[in-house]
Amino acid sequence: MEKNSVKILTKTLTILFFIGTSIGIYGQTDAPAHPKSDFWKHVQFGGGFGLSIGSGFTDVTVAPSAIYNLNHYVSIGAGVQGSIVSQKDFYNSAIYGVNVLTLFNPVEEIQLSLEVEQVRVNNTFQMVGGTNKKDNFWNTGFFVGAGYRMENVTVGMRYNLLFNKDKNVYSDALMPFIRVYF
């Protein structure tokens, strides 16, 4: 091979090498530095609010929560809750805690749920003679539920598998519910 053709071949390969790498480098700069996450597109917020007032009785409950839709059939979530209940000259209660839940939608109109709830209960009973009796404890609930779903709203019943009638958190193991998520 002639010396001149080696030079031409070397120059040609060098030019092709730099053109090829610069196209590759340029192609890398077009990609976003951090791809955007679609996490928040799968999150829904909701919860519950309750208010009952009448003849010396007050019950106020606030229970916000959020769920993450894994797909069209399964969602997982968590929430916090707080309640103040008072019966004039008899009873005061403060209940607060957290919960985690899993929702299953086998078909669009049916929602099945599993929920674990841990709450702190602080009860004060006003006894005759002006003394107070306190009953403070932690309560764990494990609820299995089923409901009819209409878009963002589900109406149904849930059953507490760990219900204890001696703990005065809930009056019954079976409870109705309304869930709303936006």
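**A walk through the strands, pockets and cavity**

Strand β5 and strand β6 (residues 132-150) run antiparallel and are joined by 17 bridges. The model in which this pairing appears is a predicted one. One pair to look for in the display is S113 and G145: the bridge partner of S113 in β6 is G145. The hairpin of β5 and β6 has five residues between the strands, and within this hairpin G129 takes a positive phi near 95 degrees.

On its other side in the sequence, β5 follows β4. Strand β4 spans residues 91-107 and strand β5 spans residues 110-126, and the two pair in the antiparallel sense over 15 bridges. Here S93 stands opposite N123 in β5. The hairpin that joins β4 to β5 does so through two residues.

With these strands located, the overall plan can be set out. The protein has one helix and eight strands. Read from the N terminus on, the order of elements is α-β-β-β-β-β-β-β-β, so the helix precedes the strands in this numbering of DSSP runs. The helix, α1, covers residues 3-30, and the loop between α1 and β1 holds F39.

F39 is a useful stop on the way from the helix to the strands. With a relative accessible area of 37%, F39 is partly exposed, because that class lies between the cut-offs of 20% for buried and 50% for exposed. F39 and L70 are 31 residues apart in sequence, and their C-alpha atoms are 9.9 Å apart in space.

After this loop comes β1. Strand β1 (residues 43-54) runs antiparallel to strand β2 (residues 57-69), and twelve bridges join the two. G47 stands opposite P64 in β2. Two residues lie between the strands in the hairpin of β1 and β2, where S55 takes a positive phi near 40 degrees.

β2 is not the end of the pairings of β1. Which sense of pairing links β1 to strand β8 (residues 174-181)? The two pair in the antiparallel sense, over two bridges. G46 has Y181 as its bridge partner in β8. β1 therefore pairs with β8 under the rule that at least two bridges are needed.

The contacts can also be taken as a whole. Among contacts in the protein between residues at least 6 apart in sequence, 43% join residues at least 24 apart. As for burial, 25% of the 182 residues of the protein count as buried. The accessible surface of the protein comes to about 12,700 Å², and carbon and sulfur atoms account for 64% of that surface.

Next come the open spaces. The largest pocket holds about 1,000 Å³ of space. Its lining has 34 residues, and the closest to the pocket centre are T61, A63, Q81, R158 and Y170. Two or more lining residues come from each of β1, β2, β3 (74-87), β4, β5 and β8. Which element gives the most to the lining of the largest pocket? β8 does, with seven residues. By class, the lining of the largest pocket divides into 17 nonpolar, twelve polar and five charged residues.

The second largest pocket has about 270 Å³ of space. It is lined by 16 residues, and Q44, I67, N69, N105 and R149 lie nearest its centre. β2, β4, β7 (153-160) and β8 each supply at least two residues of this lining. The lining of the second largest pocket divides into four nonpolar, nine polar and three charged residues.

The last space is a closed one. How many cavities of 30 Å³ or more does a search of the whole structure find? The search finds one. About 50 Å³ of space lies in this largest cavity. The residues that line the largest cavity are N139, T140, N160, L162, F163, N164, K167, V169 and Y170. By class, this lining has four nonpolar, four polar and one charged residues. Y170 is a residue to return to, since the name appears in the lining of the cavity and also among the residues closest to the centre of the largest pocket.

Note on methods:
Residues numbered from 1 in each chain as written. Predicted model: local features only at pLDDT ≥ 70, side-chain atom pairs only at ≥ 80, totals over all residues. Heavy atoms only, no water. 1 Å grid on protein atoms, 1.4 Å probe; cavity = no way out; pocket = protein on both sides within 12 Å on 5 of 7 lines; lining within 4 Å. Points joined across faces, edges and corners; volume = space filled by probe spheres on them. Nonpolar A, V, L, I, M, F, W, Y, C, P; charged D, E, K, R; others polar. Helix = DSSP H or I, 4+ residues; strand = E, 2+ residues; numbered from the N terminus. Buried < 20%, exposed > 50% of the residue type's maximum accessible area, 1.4 Å probe, protein only. Contact = heavy atoms within 4.5 Å. Areas by Shrake-Rupley, 256 points an atom, 1.4 Å probe, with all protein chains shown as cover.
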